[in-house]
Amino acid sequence: MSDSVWQRAIPVYEDRSVKKTFIFFTILAIAGTILAVLRMASPLGRYSAMNDFYAWGVWKTFNVMTLTAIGSGGLAVGVAAWAFDRQKLHVVMRTALVTSFLFYTTGMLALMVDVGRPWNLWHILLPWHWNMHSALLEVAVCMPTYAFLFLAFENVPLVLERYSYLGSDATRARIAGLEPVIRKIYPVMIAFAYLLPIMHQSSLGALMLLAGPKVHPLWQTQALPLLYVMAAGIAGFAFVIGTLLVCCLRYSRPLSTDVLGELGSLMSWLTFAWLAFRFVDIAVRGKFGLLLALDKYTAYFVLENILLLVPAIMLRSKQLRETPRILFMAAVSAGVGACLYRLVPALIAFIPARKANYFPSVAELTMTLGFIAAAIVGFKLAIRYFAVLPGPIADWQFAFKPATPKQPKS
Amino acid sequence: MSGLSRRDVLKLAGLGGAALALPASLASASGGGPSVVPPHAVSMLYDATVCTGCKACMSACNATNHLEPDTGLSDGLHQMPADLNSRTMNIIKLYNDPAGSWSFVKRQCMHCLEPACVAGCPFKALEKDRDLGVVTWDGAKCIGCRYCEISCPYQIPKFEWDKFNPRIVKCQFCYEQRLKDGKHPGCTGACPTGAVIYGTRENLLADARRRIAGYPGKYYKDRVYGETEGGGTQVFYLSRVPFSRLGLPSLSDESNPHYATKVSSKIYGWLAGPAIVFALLFGSINRNWKHHEANRRDHEAEGHLPEQL
């Protein structure tokens, strides 16, 4: 349907050897999982450095509040493709959806590990037990609903596709029967799939509102929910761009500078809008004077904005955003900037009423990194078994062929 | 092309933003009214100028609440916690500066009129009693998320980091143990000098004001801490040294929950905000989808590969 070099999502079949990096990530993921099980069977203090002053450590502030921003590619690209009809983006939707699903899943895994009394989580099933005023309740209900209902639904077609090629005749018939149903409900489902993350990504920002004066005034603002959800959009675009560039180079696929440029351009405009909201908000609240303190908060504030502003300006040039190396650096910068903005008010600019320190323990960090590694391993497997990464239509001929019998060893 | 993208991104930002930003400006126009005081609000008045630091209230608190004394700083000899912790709901601390000014201070839950811990608690494990105004914790509902510790401006709730069945530990005004049966809480009953007394909020506030009026200039700024701080509390402090020296934060009159829900209560009222965003999204998606499906059918009829969702 498109004239771009990317015409279709195609499984990775070129390279099926197991590489050292894959083994490394697998080991890290397993280590994280083992520690997670141990942690669930132990008091919370044994495996984390959290304390009564920094009661939320990296699991909540980084794995959940920060990394689900990276997992917002499904929201950002989806809204652009379907609500704003950027048709050329359809070809990268699957990359966005799979990364989103994996990062949301690992985020929720981190949330499970973080909760101190998980046996009481069943209250979530009974709406009359909910505290409707709590932003955390909104997150707790909305985030799993999104990930395991709407986002999972968006990922169903790519799973069905594989079995419509490789399954038995009966499977094929069943999948053919399902397809009209999926197409019938698709518009409603994706509308919910964009509404819900807009709600919980903004609620993640609203969490810090209740901490009031404990969050440094440069970050403590009524605009936190809005800035949080927009930062999720920026990080989502950035991560999809980065993933596409890394994977296409890794598996020697041609790059569609057209599609990548479009993603870069949208990310850049969103970043400008974010910066405008942020600076108007600080000006209205009259807090710019706090930057003269020249303390670590000034440094983080300047860093966040520079990491976002520089790529936003650079990507306004068509030539620059269609240069893969520049685009990659811009995406990394914007992604890190957006993630930093999500982390800082929750952890770094969070100042308890009493002097206290928190630095994650080795076990805590291993779990944090292990969950990310699990997402990477999951992605590696997903792009191999399913048509996720975009490529030229000529490559489709190799896709979903029944496995050839192994060569007998001579 | 870039002109189109600009408009689109502004729309994109507007979609999430309109619902959030518009009520924000409306909300800031309407100020926060005074907090509602429960009909039979119970209260504690601590007059730091009367306290002798005997710590009888501390052992009474631990005894009433069946808490093992924290003997950490005294080599196991007697109760001596460094601060409020998961074994200490009530503590007497000494502020002593080299210039010679000093004061004791008693710290425990303030039982806020608009408690941030209750506002944030997802499954209502922390609740404020409608009649007495006491803030209590229910272990059958708590998931151990520790949002109460994040949101409490006084840094009061503590978590049992070293327990398999961890509880949130904080003063509950001895509600279960004593208040329910009409008795005074453990600490006020044990105080030999009357430095901390128990009564209704109304009476104790009047009492505190009488003391200030009786001795002008004796008390810091002639003020009762807790009357308006963070929307008002049910524990009052009188002190001759600045409240900040006693570790009491200087807070605005607006409670954290009021600040935090100003905008969201408008957006989520009758779920109007989400409904508007959904209507906008669905309207646009449905239009584009129909167009997309028509193209797809044509495309597949021409014998191309099936379209990928």
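A residue is taken as buried if 20 or more other C-beta atoms lie within 10 Å of its own. By that yardstick, strand β1 of chain B is mostly covered, with 6 of its 6 residues buried. The model is a predicted one, and β1(B) is a handy place to start reading it.

In a regular strand the side chains alternate between the two faces of the sheet. In β1(B), one side carries B:V42, B:M44 and B:Y46, the other carries B:S43, B:L45 and B:D47, and both faces are covered, these residues all being buried. The strand spans residues 42-47 and sits in the middle of an open sheet of 3 strands, ordered β8-β1-β9 in chain B, with mixed pairing. The edges are β8 (196-200) and β9 (235-238), each of which pairs on one side only. From one strand to the next, the twist averages 20 degrees.

The mixed character shows up once the two pairings of β1(B) are taken in turn. With β8(B), β1(B) pairs in the antiparallel sense, over 5 bridges. With β9(B), the sense is parallel and there are 4 bridges. B:L45 takes part on both sides: its bridge partner in β8(B) is B:I197, and its partner in β9(B) is B:F236. One residue back, B:M44 stands opposite B:V235 of β9(B).

Elsewhere in chain B there is a hairpin. Strands β2 (residues 91-96) and β3 (residues 102-107) run antiparallel and are joined by 6 bridges, with B:I91 partnered by B:R107 of β3(B). The connection between the strands has 5 residues, and B:G100 in this hairpin takes a positive phi near 110 degrees.

Two residues in loops of chain B also have positive phi, this time without being glycines. Most residues other than glycine have a negative phi, and most peptide bonds are trans. B:K124 comes in at about 60 degrees and belongs to the loop between α3 and β4 (126-128). B:L271, at about 55 degrees, is in the loop between α8 (264-268) and α9 of chain B. As for their surroundings, B:K124 is partly exposed, having 19 other C-beta atoms within 10 Å. B:L271 counts as exposed, because it has 11 C-beta neighbours inside 10 Å and the cut-off for exposed is 12 or fewer.

Zooming out, chain B is built from 9 helices and 9 strands. Of its 309 residues, 45% count as buried. Among its contacts between residues at least 6 apart in sequence, 61% link residues at least 24 apart. The domain assignment splits the chain into domain 1 (42-261) and domain 2 (263-309). Their centres, taken over C-alpha atoms, are separated by 53 Å.

Then there is the contact between the chains, which takes 66 residues from chain B and 65 residues from chain A. On the chain B side, at least two residues each come from α1 (2-29), α3 (116-120), α4 (147-151), β6 (158-159), α7 (256-261) and α9 (272-301). The most generous of these is α1(B), which gives 14 residues. Sorted by class, the side of chain B that touches chain A holds 38 nonpolar, 17 polar and 11 charged residues.

The last feature is the largest nonpolar core, with 207 residues, in which A:A231 and A:I234 have the most contacts. Helix α8 of chain A (residues 224-250) supplies the largest share of this core, 17 residues. Chain B is involved too: domain 1 (42-261) and domain 2 (263-309) of chain B both give residues to the core, so the core lies between them. Back in chain A, A:A231 touches A:A69, A:W274, A:A338, A:Y341 and A:R342, leaving aside residues up to four places away in sequence.

Key
Residues are numbered from 1 along each chain as its sequence is written. Chains are lettered from A and ligands numbered from 1 in the order in which they are written. This is a predicted model: local features need pLDDT of at least 70, side-chain atom pairs count only at pLDDT 80 or more; totals for chains, interfaces and linings use all residues. Two strands pair if DSSP finds at least two bridges between them. Axes are lines fitted to C-alpha atoms, for helices over the stretch in contact, and angles run from 0 to 180 degrees between N-to-C directions. Domain bounds come from an automatic or database domain assignment. Two residues are in contact if their C-beta atoms, placed from the backbone, lie within 7 Å. Ala, Val, Leu, Ile, Met, Phe, Trp, Tyr, Cys and Pro count as nonpolar, Asp, Glu, Lys and Arg as charged, and the others, Gly among them, as polar. A nonpolar core is a set of buried Ala, Val, Leu, Ile, Met, Phe, Trp, Tyr and Cys residues joined through C-beta atoms within 7 Å.
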